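Here are my notes for you, written as numbered points. Keep the picture open beside you and find each piece as you read.

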Amino acid sequence: MTLIEPVNPSIPSRCDVLVIGSGAAGLYAALCLPSHYQICLVTKDELKTGASDWAQGGIAAAINPSDSAQLHLQDTLKAGAGLCDLKAVEFLVNHAASAIQSLVNLGVSFDRKGEELAMTLEAAHSRPRVLHAADRTGRAIISTLTAKVLEKPNIKIISQTIALQLWLQTNNKRCIGASLLHGHQIRWIRASAVILATGGGGQVFAQTTNPSVSTGDGVALAWRAGAMLRDLEFFQFHPTALTLPNAPRFLISEAVRGEGAHLVDELGDRFVFQYHPDGELAPRDVVSRAIFTHLQRTTLDPSHAHVYLDLRMIEPERVRYRFPNIIRLCQKWGIDVFHDLIPVAPAAHYWMGGIAAGLDNQTSIAGLYAIGETASTGIHGANRLASNSLLECVVFAGQLAHLVLEKEPFEEIPVREEIHAPDWDFEKQQIDWVREQLPILMWQNVGISRSHEPLEMALIQVNEWRKQLYELKISQVILHSSPEQKIVFKSSLVWTELRNCIETLNLLDIAYLILKSALFRTESRGGHYRLDYPDSSSAWQVHTIIEKDHTDDIKTLHLE
């Protein structure tokens, strides 16, 4: 029986472009798309909750006369440990200056030194080229982009909404939309193009600097739809996250060390020089492993240990000017940065892998695009150079100004079946248990240092959890609805529980993919370090490619 009911007015039945994600990549993409397109921008929470908003350090660009795009290129390639795509990096550094100018024109208030934009040095950069807005650069950029998006009459914000499935045409597998969980209903929206800009997946690890929304949604969506993924084993662990009992793993920016802070152990020794001649300014993976290794050697319980950041050698006025947010948050936890050492330890920070995408952001599925941390463009290789992430968001999202849509005649699909979701109180307990235990398992078994046996054990457990949760009635409803069905839940109050369910399914999928990739790459490179294969191999200086088959398992896991 066909149900004649008005569609929820907050979600239209179609738009020209559906942007999923509201960090720097998603917001800037929405602004850069041609203004005659009708755009829907989907965000899981309210605006300003993504990882871009948390970015402290800054955005890298070679705009100083003493610097050059070529030097920026070389630094990026060196950090990427042989896996950067040369054309992609050239594209990034050559468009950096115009990207910065675009942000300035929009009103982003970068710090200045006189009339010139101020720049600082960060780890693995050969020149000071990191622009900043105190220590809240991400917030400055996101606030400006959000204000501009809200001014645009062609952009509709759909908040408190999470994407569940990509909508593929049956005949050619082109992406033509997605299903969305909004309030207590599942709705389908059709679009001529879908852009995934959902950020990373740091919440798969127990210790992470990422916000709670970073659950790998875009990668999981693309995986289930059959998109090609790349280099998922490469996860960057930031070396300096605030480490106190009951405190969140607040990131202490790389820029602090760039300004001259020392990294010391319990004895006050600058121990990183034992592991790398650049000491605190060595690449992030090197510093993280140095801390991890040093703690193993010097403490009885490395999992709960920390080292210290010492800011006392930096001029106090400089600290107040550059790091007001770090001062404030440390004060909240009883630390006076002008007199006290800051306890820090590594935490999962940035995912170099993602959905394989070209310079035009196109994925292996027609009509589906990926930008920002969700994408793997080849820029970051095996280890991202500090402050290249915000730059990537702006440079690549900017290319969507040239997007030409293949519009097809649209025929409204009538709702033929209404489904009231089953009772799932018992299932919620299972979901909550897995959501709690999965990050702990991943941190312990596929963290900074990896080896075959722990990876294999974790994979067995993750597969068991995936099997259990995918068989739940609620999972079947969420992941296997069709545009002809209207899914109704009892109350809008279940939104939080439903979100937890889909995020847990997404986290399980990306955990599975990370584990398979980490087991597959039997070498150490960049953010992937194997204790049982501690050296890099020229035979592995290639990308890890993942595709899946109709059984929802990995079809091929190979090198390219």
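**Notes on the helices and sheets**

1. Let's begin with helix H5, residues 137–151. It has 15 residues, and at 1.5 Å a residue these should span 21 Å; the end C-alpha atoms are 22 Å apart, so the two values agree. Keep in mind that this is a predicted model. As for what is tucked away, the buried residues of H5 are Thr137, Gly138, Ile141, Ile142, Thr144, Leu145, Thr146 and Val149.

2. Next, have a look at helix H1, which covers residues 24–32. How many of its residues are buried? Nine of nine, so to speak a full house, and the helix is mostly covered. You can tick them off one by one: Ala24, Ala25, Gly26, Leu27, Tyr28, Ala29, Ala30, Leu31 and Cys32. What do these buried residues pack against? The list has three strands, namely S1 (14–20), S2 and S8 (155–158), along with the helices H4, H5 and H11.

3. Now for a single residue in a loop. Leu47 sits between strand S2 (39–42) and strand S3 (59–60). Is Leu47 buried or exposed? Its relative accessible area is 16%, and the cut-off for buried is under 20%, so Leu47 counts as buried. Leaving aside residues up to four places away in sequence, Leu47 touches Ser22, Thr146, Leu150 and Ile157. You can also look from Leu47 to Leu27: they are 20 residues apart along the chain, and their C-alpha atoms are separated by 9.5 Å.

4. Time for some helix packing. Two packed helices are described by the angle between their axes and the distance between the axes. Take helix H3 (residues 86–94) and helix H11 (residues 388–398): they pack at about 85°, with axes 10 Å apart. That angle is why H3 is called roughly perpendicular to H11. On the H3 side, the contact is made by Ala88, Phe91 and Leu92, while H11 brings in Asn388, Leu391, Glu392, Val395 and Phe396. Sorted by class, the residues of this contact are six nonpolar, one polar and one charged.

5. H11 has another partner to look at, helix H4 (residues 96–106). Their axes come within 9 Å and cross at roughly 85°, which means that H4 is roughly perpendicular to H11. Here H4 supplies Ala96, Ala99 and Leu103, and H11 supplies Leu391, Val394 and Val395. What classes of residue does this contact have? Six are nonpolar, with no polar and no charged residues.

6. On to a sheet. Four strands form an open sheet in the order S13-S16-S15-S14, with antiparallel pairing. Which strands stand at the edges? Those are S13 (235–242) and S14 (262–264); each has a single partner strand, so one side of each is left without a neighbour in the sheet. From one strand to the next, the twist averages 45°. If you zoom in on S14 and strand S15 (residues 307–310), you'll find three bridges joining this antiparallel pair. Leu263 stands opposite Leu309 in S15.

7. One last strand: S22, residues 544–548. Four of its five residues are buried, so S22 is largely enclosed by the rest of the structure. Strand S12 (residues 229–230) runs antiparallel to S22, and two bridges join them. To find the spot, look for Arg230, which stands opposite Ile545 in S22.

Note on methods:
Residues numbered from 1 in each chain as written. Predicted model: local features only at pLDDT ≥ 70, side-chain atom pairs only at ≥ 80, totals over all residues. Heavy atoms only, no water. Buried < 20%, exposed > 50% of the residue type's maximum accessible area, 1.4 Å probe, protein only. Contact = heavy atoms within 4.5 Å. Axes fitted to C-alpha atoms, helices over the stretch in contact; angles between N-to-C directions. Parallel < 35°, antiparallel > 145°, perpendicular 65-115°, else oblique. Nonpolar A, V, L, I, M, F, W, Y, C, P; charged D, E, K, R; others polar. Pairing = 2+ DSSP bridges. Expected span 1.5 Å × (residues − 1).
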